[in-house]
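Visitor: I should like a close look at one part of this model, namely its strands and how they are arranged in sheets. Please take me through that part in a connected account.

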Amino acid sequence: MEPAYDVIIIGAGVCGIYQLYRLRGLNLNVTVLEAGSGPGGTWYWNRYPGCRFDSESWSYGYSFSPELLEEWDWSEHFAGQPETLRYLEHVVDKFDLARDMQFNTKVERCTWDEDSRTWTVETADGRSLTCRFLMTAIGLLSAPTMPLLEGTEDFQGPSFHTYYWPHEPVELGGKRVGIIGTGATGVQLIAEIADKVAELKVFQRRPNWCAPLHNSKITPEEMADIRSRYDEIFARCAETPGGFIHGPDRRKMADVPEEERYAFWEKLYASPGFGIWLGNFRDVLMDSEANAEFTEFVANKIRERVNDPVTAEKLIPTDHGFGTRRVPMETRYYEAYNRDNVQLIDVNDTPIERITAKGVKTSDQEYELDVIIYATGFDAITGAFDRIDFIGRDGRKLRDKWSDNPITYLGVQAEGFPNLVTLAGPTGGSVSTNFPRGIEVGVDWATELVQWMLEHGYSRIEPTAEAEEEWSDHVADMYSMLLMRNAKSWFTGYNSNVAGKDKTRFLIYNGGAPRYRRWLDECAAEGYKGFVFG
Ligand code: NA7
């Protein structure tokens, strides 16, 4: 029996939107299943105050449509979440994509049937849909995790994970607010609300190396200039490892005279965006001596910005060097701790014992709060896969296959799971880049693959175990070059709140976007080597 759909895409975020657009071009029968009540993915869910891009807005928008580029104006160099959501909704409207999207549709189980060569997708509302190809666009950071603390249900005021920030406005003015977590999310939120709440208690386990974002408005003249340079901007993003406008300085730190080196670092610290991380001397992220010197430079910046020396030292990471975990970008984050209403509570000194009806109880005291916010991060990349039952060939479960290390071929497919295309899945190139830049490459490639299969009369694709092994070795090699491999963060698959994930896993591809594209291109040029077709 023919399946109901040629392709089902799970997820209507940045990736799912573009994948639907491309498959329309092949005249296929496609539907997108989305758990949210509208499109936008990450930008639909994360509505917490202060949520915004760390990518330059104009380097984040889709590049595929000159008309779209022509008509969309960004208001800030680093746009806030409401604007980004409006942008994605605009794209969906413009290309009339919503008619092939089913919202409020949560996927629970996907089962491969070898005889009919179809996937059956079961949804939480009790429906079963069949398709030839199943594509996941389920996000990297879409499986939020709560801390393993007792009593989270007992708290009597409002409390939520940042990912589930309510759609209706949350009144924080005059409230006593507690935030657990100081990653990129916590840092944005803390800086945004510090001067709006009565009291802010920040419960910090490990600080991060944060750097100034230097956001600003885009004037009409600037927007006109950006528009005239889009080709140049996207060409630049295509040549940098991270898909950003910022690429590494090829000089070695030690080869640059000290005075010049520090002048360069001062300039980076005063410049907008990720340049300080991704535009630094290349060896800062690879060589521990170079890293230590730059790390001390940033530590001194924190000391200059935080009035109380004890608080300043608590905000300075001691377990990892600068840039070896995700660098949170901030706007007056450190200055928030100079305010009388903001208190930093180091949970290493006074561990949280439990959440109570009234607030947070540490070994030291009970902090009475009106609102508790969990900025405790995500079960990154594989978490969203684990929350769906993917059952492949011979009843194999993807969750089991990936429990130790998520292995794939090119980040695109896993052996044992025919016709399942893991867009933005583990070990793929898009997950470590400025996301839309990476995902346009991945989606274009997947679309061409489907087209090629249709032209050749194939209805089944699966990678070989050998191809998967070769890719996994390469992924591991790429980690070995970077100091990041030793830091505990979601880049290395670490999450203390998920059983079995408090250890290093190779989750992302660190070889850089240009190298990833070469692998994809070579694979296609050689008749999609490494895959077996039927
Ligand atoms: P992150 O970067 O994973 O940060 C989560 C934070 O929550 C981090 O500071 C954790 O401390 C903290 N955390 C987690 N569990 C606990 C418990 N039990 N007690 C205290 N503190 C805890 O997630 P974000 O949402 O901030 O950022 C995710 C990405 O979104 C980000 O990288 C951007 O790409 C966008 P830890 O460091 O583990 O000690």
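Guide: What follows is an account of two sheets, a salt bridge and a surface patch. The model is a predicted one, and the description below should be read accordingly.

I begin with the parallel sheet. This open sheet is built from 5 strands, which follow one another in the order β7-β16-β8-β9-β12, and their pairing is parallel. The edges are taken by β7 (159–161) and β12 (342–346); each has a single partner strand, so one side of each is left without a neighbour in the sheet. On average, and with direction ignored, neighbouring strands of this sheet are turned by 15° against each other. At the β12 edge, the pairing can be followed in detail: strand β9, which covers residues 199–204, is joined to β12 in the parallel sense over 5 bridges. Within that pairing, F203 has I345 of β12 as its bridge partner.

The antiparallel sheet comes next. Here 3 strands form an open sheet in the order β13-β14-β15, and the pairing is antiparallel. Its edges are held by β13 (352–355) and β15 (366–368), each with a single partner strand, so one side of each has no neighbour in the sheet. From one strand to the next, the twist averages 20°. Strand β14, residues 359–362, runs antiparallel to β15, and 3 bridges join the two. The bridge partner of V360 in β15 is Y367.

Strand β15 also takes part in a side-chain contact. Side chains of opposite charge can pair when their charged atoms come close. R176 forms a salt bridge with E368, with 3.8 Å between the closest N and O atoms. Because R176 belongs to strand β8 (residues 176–180) and E368 to strand β15, this pair ties together parts that are 192 residues apart in sequence. The count of salt bridges in the model comes to 50.

Charge also gathers on the surface. A patch of negative charge there consists of E466, E469, E470, D473 and D477. Of these residues, E470 is found in helix α17, which spans residues 465–480.

Terms used. Residues are numbered from 1 along each chain as its sequence is written. This is a predicted model: local features need pLDDT of at least 70, side-chain atom pairs count only at pLDDT 80 or more; totals for chains, interfaces and linings use all residues. Side-chain values use heavy atoms; hydrogens and water are left out. Patches are made of residues with over 30% relative accessible area and no salt bridge: like charges are joined within 9 Å, nonpolar side chains (Val, Leu, Ile, Met, Phe, Trp, Tyr) within 5 Å. Accessible areas come from the Shrake-Rupley method with a 1.4 Å probe; for residues, only the protein chains shown count as cover. A salt bridge is a side-chain nitrogen of Lys or Arg within 4 Å of a carboxyl oxygen of Asp or Glu. Lys and Arg count as positive and Asp and Glu as negative; His and the chain ends are not counted. The place of a charge is taken as NZ of Lys, CZ of Arg, CG of Asp or CD of Glu. Helices (H or I, at least four residues) and strands (E, at least two) are DSSP runs, numbered from the N terminus. Two strands pair if DSSP finds at least two bridges between them. Axes are lines fitted to C-alpha atoms, for helices over the stretch in contact, and angles run from 0 to 180 degrees between N-to-C directions.
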